[in-house]
Amino acid sequence: MALVSLRNVGKTYRSLQGDDYVAVEDFNIEIEAGEFFCLLGTSGCGKTTVLTMLAGFEQPTTGRIEIDGRIIEAPGADRGVVFQGDDSLYEWLTAVENIEFGLRMRGIERKERRDRALHYLELVGLKGQENKHPSELSGGMKQRIQIARVLANEPRMLLMDEPFAALDAQTRLSMQSELLKIQASTNKSVLFITHDIDEAVTLADRIGVMRAGPASSIKGIVDVDLAQDERERTNDRFLDIYKTVYGMIREEVGIAMSRQEKAAGQGA
Amino acid sequence: MSKAISLRRQGTVKSAGAPGWNPLSISRGYGGYLIGFASLFVIWHLAAVYLVGSALFPPPGQVLAKAGVLIWSGVLLEHIAVSLRRILIGFFLGSLAGIPIGLAMGSFPAVRKILEPYTEFFRFIPAVAMITVAVIWFGIGEESKIFLIIYTTIFIVILNTAAGVGAIAKNKTRAARSLGASSFQVFRYVALPATVPYILTGMRLAMANSFVTIVAAELVAANEGLGKMLWDSRLYMLVDDIFVALVSLGLLGFVIDRLFRWAIFAFAGRYSPVA
Ligand SMILES: Nc1ncnc2c1ncn2[C@@H]1O[C@H](COP(=O)(O)OP(=O)(O)O)[C@@H](O)[C@H]1O
Ligand SMILES: [Mg+2]
């Protein structure tokens, strides 16, 4: 049985003007234990919406979301979330205090949690930065703190919302390979959100391509059957998969644009 | 750990502020204040002696001499102590009540809805307008003054605290929840520390307003205090005494406000530039 399943999930937001916006409709995916699943889609299509429900921050309007066969009702330490942007870090805490936050909340004794936090700080390549505050760290370093904070809490599953989107290309590359290493050694399940096709093909076991919103759902799922050393732009098999995914995304961009034109035409 | 860092930082700031003529070090340290205050007294002196030249506008030297006399006799310090005591008691009681109320209003929409009519209503009745009822209810002694300072403080602290809670990024509380924090832990370890800079800023504003209130209250009805000193001096045309009281108010306010700014920076300045 899959670790996580989303069945016929829908989410309708009520806007401040009072009318309804259907962000996601009839959304179906399953994620296996130990799998690296990428959710790919154009900006605004509803990726964060899906993650928010899986994390338990919000309830779906329709459908069921289950982990281990149990319906998700609230956030829990079994699902660690790496947020889009850096506003989830605690500016009043140092790097290491941020990383040990979850352990502290769960009553783990001071010495042990500090040791574990330092271990993960080192794992994400921030050794020596433990006493700095978030405001003293670069964007890439803050993302690493977020990742270490989640890893230190040892969740079953990582939910990552465009964690590398704001990074420069070089930092992103090194973070991607670090993440792959960490995932291989800990064998955690990952739901990784991105709008970058290249990133999805580099990281994923499977890619779920989302349709353009509103009422977004899964357009198709692409298996990324590549060995680690094949995951490079120069590799032919990598390029084949890239092209397949690119075709799907381009179709969705086309649909979104014609919808926009239609809406603009109606408005005029 | 973080304390050590902040101490070290103050150390560097202090050494940068050592007397010297580097304009940068002046702008960052105490040298600038020294020049500022010195020029204030020079301009005051020039204006009093050469521009106005009237007994109704004494120069700083004369006021300083009078201040010396009043300090020596104990009168000035007595007035200052009385006013300061009223401010501090009312201010701390008002903050003590205002902070938890503000936290509750910011955290729970139901509490906000119930209490908002109070805060929105009384916010527009200034403390000086309440002097009359305060005196009728509590007399001209300490109680009416402390009541007025509490009144001055509490609404400003409530509004700032509640605004601080409202300004917490949603992802901060969500992160805590998915790291395993309970609702109480989210409140204690996220909402509270994230709100501290706002609380301190509210208290700082409230302190400034407390000076307005206390002087007004003591002018109208009191037996002691800087406001009373101002009133009596006017009655007997003791212009020097009036100026001593005014300068005392300015200095007192300045020192207390510096203490607040220092507290805000030491406690929260590193991550929240509200000060
Ligand atoms: N809290 C909300 N209230 C109303 N509309 C929302 C809310 N969150 C997201 N939306 C809308 O839902 C759609 C999908 O948003 P989101 O899931 O954030 O997209 P993505 O993460 O793919 O960029 C967008 O059109 C967005 O405006
Ligand atoms: Mg998003």
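Which strands make up the open sheet with antiparallel pairing in chain A, and in what order do they stand? Keep that in mind as you open the viewer, and remember that this is a predicted model.

**Stop 1: the four-stranded sheet of chain A**

Select β2, β1, β4 and β5 of chain A, in that order, and you have the answer: an open sheet of four strands, paired antiparallel. Its edges are β2 (20–31) and β5 (70–71), each of which pairs on one side only.

Now zoom in on β1, residues 4–14 of chain A, together with β2(A). The two are antiparallel, and eight bridges hold the pairing. For a landmark, label A:Arg14, which has A:Asp20 of β2(A) opposite.

Next, add helix α1 of chain A, which lies across β1, β2 and β4 (62–67). Turn the view until you can compare directions: the helix runs at about 115 degrees to β1(A).

**Stop 2: the six-stranded sheet of chain A**

Keep chain A on screen and select β6, β7, β8, β3, β9 and β10. In that order they form an open sheet of six strands, this one with mixed pairing. β6 (79–82) and β10 (218–223) are the edges; each has a single partner strand, so one side of each has no neighbour in the sheet. Looking across the sheet, you will find neighbouring strands turned by 15 degrees against each other on average, ignoring direction.

Helix α1(A), residues 47–55, turns up here as well. The helix packs on this sheet and touches β3 (36–40), β6, β7 (157–161), β8 (189–194) and β9, and its direction makes about 150 degrees with that of β7(A).

Start at one edge, with β6(A). Four bridges link β6(A) to β7(A) in the parallel sense, and A:Val81 faces A:Leu159 of β7(A) across the pair. Are the residues on the two faces of β6(A) buried or exposed? Colour A:Arg79 and A:Val81 for one side, then A:Gly80 and A:Val82 for the other: all are buried, so both faces are covered.

Then go to the other edge. Strand β9 (residues 206–210) is joined to β10(A) by five bridges, and these two run antiparallel. Here A:Val209 stands opposite A:Gly220.

**Stop 3: one glutamine in chain A**

Select A:Gln183, which sits in helix α6 (residues 169–186) of chain A. Its relative accessible area is 11%, so A:Gln183 counts as buried. What does A:Gln183 contact, once its neighbours within four places in sequence are set aside? Show A:Gly34, A:Glu35, A:Phe36, A:Lys188 and A:Val190. To get a feel for distance, draw a line from A:Gln183 to A:Thr61: the two are 122 residues apart in sequence, and their C-alpha atoms are 32 Å apart in space.

**Stop 4: the helices of chain B**

Switch to chain B, where you will find 12 helices and zero strands. Of its 275 residues, 41% are buried. Counting contacts between residues at least 6 apart in sequence, 69% join residues at least 24 apart.

Make helix α5(B), residues 75–107, your base here, and bring in its partners one by one.

- **With α8(B), residues 142–166:** the axes come within 6 Å and cross at roughly 30 degrees, so the helices are roughly parallel. The crossing is right-handed, and the contact has 17 nonpolar, nine polar and four charged residues.
- **With α6(B), residues 109–122:** the axes are 6 Å apart, at an angle of about 125 degrees, which makes the pair oblique. This crossing is left-handed. Residues to show include B:Ile101 and B:Met105 from α5(B), and B:Val111 and B:Leu115 from α6(B). By class, there are six nonpolar, three polar and two charged residues in the contact.
- **With α10(B), residues 183–220:** the axes come within 8 Å and cross at roughly 145 degrees, in a right-handed crossing. Among the residues that meet are B:Phe91 and B:Ile99 of α5(B), and B:Ile199 and B:Phe211 of α10(B). This contact has 13 nonpolar, five polar and two charged residues.

Methods
Residues numbered from 1 in each chain as written. Chains lettered and ligands numbered in written order. Predicted model: local features only at pLDDT ≥ 70, side-chain atom pairs only at ≥ 80, totals over all residues. Heavy atoms only, no water. Pairing = 2+ DSSP bridges. Axes fitted to C-alpha atoms, helices over the stretch in contact; angles between N-to-C directions. Contact = heavy atoms within 4.5 Å. Parallel < 35°, antiparallel > 145°, perpendicular 65-115°, else oblique. Left-handed = near helix turned anticlockwise from the far one by under 90°. Nonpolar A, V, L, I, M, F, W, Y, C, P; charged D, E, K, R; others polar. Buried < 20%, exposed > 50% of the residue type's maximum accessible area, 1.4 Å probe, protein only.
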